[in-house]
Amino acid sequence: MTDRPQLDFALDTYECIVLYPGPAGPVLPQETVQRLQAEHLAHMQALQRQGLVLVAGSIDGPAREPAPPIGIGLARTGSVDDVRTVMEADPAVQAGLYQVDVLTFLCPAGALEFPLARTES
């Protein structure tokens, strides 16, 4: 990662999950695509229940070609590599329906809230 900007306010750091269409998508049978999409949703819901992923969802609308992003999410573990590892374990990523990248996302401290995210009591 590049050096953090020098600012006069604090930053929160998240891992930004970006999902793209995978190379196998166009050649997979429709029933396989449907099964993998269901497995992907189950994987993401499990990560959210565990508190690893704070929020995730689909992107809809025109975007840059040839591979527009189709989903994004945010995690807050402190490790891009750890989030990449759990995302690469997604059955739809392993099958090539989707590809994933994980980047560091910085924003002003306290700017984001996740009311649906699991919180420790």
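The following exercises, each with a worked solution, introduce the predicted model shown above.

Residues are numbered from 1 along each chain as its sequence is written, and side-chain values use heavy atoms, with hydrogens and water left out. Because the model is predicted, local features need pLDDT of at least 70 and side-chain atom pairs count only at pLDDT 80 or more, while totals for chains, interfaces and linings use all residues.

**Exercise 1. The chain as a whole**

Determine which secondary structure elements the protein chain holds and in what order they run.

Solution.
Step 1. Helices (H or I, at least four residues) and strands (E, at least two) are DSSP runs, numbered from the N terminus.
Step 2. By this rule the protein chain has 3 helices and 4 strands.
Step 3. Read from the N terminus, the order is β-α-β-β-α-α-β.
Step 4. Along the principal axes, the C-alpha atoms fill a box of roughly 50 × 35 × 25 Å.

**Exercise 2. Surface, burial and charge**

State what share of the residues is buried, and describe the exposed area and the charges of the protein chain.

Solution.
Step 1. A residue is buried under 20% relative accessible area, exposed over 50% and partly exposed in between (1.4 Å probe, protein chains only).
Step 2. Of the 121 residues in the protein chain, 33% are buried.
Step 3. Accessible areas come from the Shrake-Rupley method with a 1.4 Å probe, and for residues only the protein chains shown count as cover. The protein chain exposes about 7,800 Å², of which carbon and sulfur atoms supply 54%.
Step 4. For charges, Lys and Arg count as positive and Asp and Glu as negative, whereas His and the chain ends are not counted. Each charge is placed at NZ of Lys, CZ of Arg, CG of Asp or CD of Glu.
Step 5. The chain has 7 positive and 15 negative charges, and their mean positions are 3 Å apart.

**Exercise 3. The rings around Tyr14**

Identify the aromatic pairs of the structure and classify the geometry of each.

Solution.
Step 1. Rings of Phe, Tyr and Trp (its six-membered ring) pair if their centres lie within 6.5 Å; planes under 30 degrees apart count as stacked, over 60 as edge-to-face and the rest as tilted.
Step 2. The structure holds 2 aromatic pairs. In one of them, Tyr14 and Phe105 have ring centres 6.4 Å apart and planes at 45°, so this pair is tilted.
Step 3. Tyr14 belongs to strand β1 (residues 11-21) and Phe105 to strand β4 (residues 98-108), so the pair ties together parts that are 91 residues apart in sequence.
Step 4. Tyr14 counts as buried because its relative accessibility is 2%, whereas Phe105, at 32%, is partly exposed.
Step 5. The ring centres of Tyr14 and Phe114 are 5.8 Å apart with planes at 65°, so this pair is edge-to-face. It links Tyr14 in strand β1 with Phe114 in the segment after β4, 100 residues apart, and both residues are buried.
Step 6. Through these ring pairs, Tyr14, Phe105 and Phe114 form a cluster.

Which charged residue sits over the ring of Tyr14?

Solution.
Step 1. A charge sits over a ring if NZ of Lys or CZ of Arg is within 6 Å of the ring centre and within 35 degrees of the ring normal.
Step 2. The residue is Arg76, whose charged end lies 4.8 Å from the centre of the Tyr14 ring.

**Exercise 4. The surroundings of His43**

Locate His43, decide whether it is buried or exposed, and list the residues that it touches.

Solution.
Step 1. His43 is placed in helix α1 (residues 30-49), and it is buried because its relative accessible area is 17%.
Step 2. Contact means heavy atoms within 4.5 Å. Not counting residues up to four places away in sequence, His43 touches Val86, Met87, Ala89, Asp90 and Pro91.
Step 3. The C-alpha atoms of His43 and Met87 are 8.7 Å apart, although 44 residues separate them along the chain.
Step 4. Ala89 is in the loop between α2 (80-88) and α3 and is partly exposed at 36% relative accessibility. Leaving aside neighbours within four places in sequence, Ala89 is in contact with His43 and Gln94.
Step 5. Pro91 lies in helix α3 (residues 91-94) and counts as partly exposed at 24%. With residues up to four places away left out, Pro91 touches Leu36, Glu39 and His43.
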